[in-house]
Amino acid sequence: MQYLVAVDGSEPSTEALEHAFEVAAQMDASLVVGYAVEPRVLVEDAGEEAPTHTQVGDRIYTENIEVAEKRGQDVLDDARDRAVEAGIDVETTLLYGDPVEAIVEYGEQSEVDGIIVGHRGLSERVEMVGSVAKGLVEKATVPVTVVK
């Protein structure tokens, strides 16, 4: 059996990773840890005042892809270090694009037996279940374990 663990560096994704270690140990399964590289849209801070409609375009920019890849690789390196400490062999991979689409596509192409994800990620949206976890539950063709 092989499971894909989706991580983003958040506390819930770390908890999902720890849960995946337990599953892998109990089921003699292998793990692939994936991070979806999606450059963030950032807003240049120009003070407390909200930008006018015409100013928005001048203050919003997309993060450089190399910065996003570096952030993702750092998260994957940390996951690998945690796996070594837990005595679990893992593969890591950078995925590209929308996290839900990239994770589902990788899972289908790699024929994983399941996906493990934290209940919320780095998004500051106030939801009981994060948008990525919810999207994976809706779109994945394999079982999805959402770790809370």
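## Talking through strand β6 and its surroundings

Colleague: Let's start with a pairing: which residue is the bridge partner of A6 in β6?

Modeller: In β6, A6 has V117 as its bridge partner. Bear in mind throughout that this is a predicted model.

Colleague: What makes β1 and β6 a pair of strands?

Modeller: Two strands pair when at least two bridges are found between them. β1 and β6 have four bridges, in the parallel sense, so they qualify under that rule.

Colleague: And how do you know that β6 and β7 also pair?

Modeller: The argument runs the same way: at least two bridges are needed, and four join β6 to β7, residues 144–147. These strands run parallel too, with G118 opposite V147 of β7.

Colleague: Why is β6 called largely enclosed?

Modeller: A residue counts as buried under 20% relative accessible area. Five of the five residues of β6, which spans 114–118, meet that, so the strand is largely enclosed by the rest of the structure. Both sides take part: G114, I116 and G118 point one way, I115 and V117 point the other way, and all are buried. In general, side chains of a regular strand alternate between the two faces of the sheet. For the whole chain of 148 residues, 39% count as buried.

Colleague: What makes α4 close to the expected length?

Modeller: The expected span is 1.5 Å times one less than the number of residues. α4 has 12 residues, which gives an expected 16 Å, and its first and last C-alpha atoms are 16 Å apart. At the start of this helix, a side-chain oxygen of D98 comes within 3.2 Å of the backbone nitrogen of V100. The cut-off for a polar contact is 3.5 Å, so the D98 pair falls inside it.

Colleague: Which elements do the buried residues of α4 pack against?

Modeller: They pack against β1, β2, β5 (90–96), β6 and α5 (131–139). The buried residues of α4 are P99, V100, A102, I103, V104, Y106 and G107.

Colleague: What is notable about the phi of E111?

Modeller: Phi of E111 is positive, near 55 degrees, although E111 is not a glycine. Most residues other than glycine have a negative phi. E111 follows α4 and sits in the loop between α4 and β6.

Colleague: Why is E111 called exposed?

Modeller: The threshold is over 50%, and E111 has 64% relative accessibility, so the term applies. D28 offers a second example: its phi is positive, about 50 degrees, and it is not a glycine either. D28 lies in the loop between α1 (11–27) and β2 (30–37). With a relative accessible area of 72%, D28 is exposed as well.

Colleague: Where in the chain is confidence lowest, and where is it highest?

Modeller: Helix α2, residues 53–59, has the lowest mean pLDDT, 57, while strand β1, residues 2–6, has the highest, 98. Residues 123–128 have a pLDDT below 50, and this stretch makes seven contacts in the model beyond near neighbours in sequence. Where pLDDT is low, predicted coordinates should not be read in detail. The chain average is 86, and 79% of the residues score at least 70.

Colleague: How many helices and strands does the chain have?

Modeller: There are five helices and seven strands, in the order β-α-β-β-α-β-α-β-α-β-α-β. Among contacts with a separation of 6 or more, 71% join residues 24 or more positions apart.

Notes. Residues numbered from 1 in each chain as written. Predicted model: local features only at pLDDT ≥ 70, side-chain atom pairs only at ≥ 80, totals over all residues. Heavy atoms only, no water. pLDDT = per-residue confidence, 0-100. Helix = DSSP H or I, 4+ residues; strand = E, 2+ residues; numbered from the N terminus. Contact = heavy atoms within 4.5 Å. Buried < 20%, exposed > 50% of the residue type's maximum accessible area, 1.4 Å probe, protein only. Polar contact = N/O pair within 3.5 Å; in protein donor to acceptor, adjacent residues only side chain to side chain.
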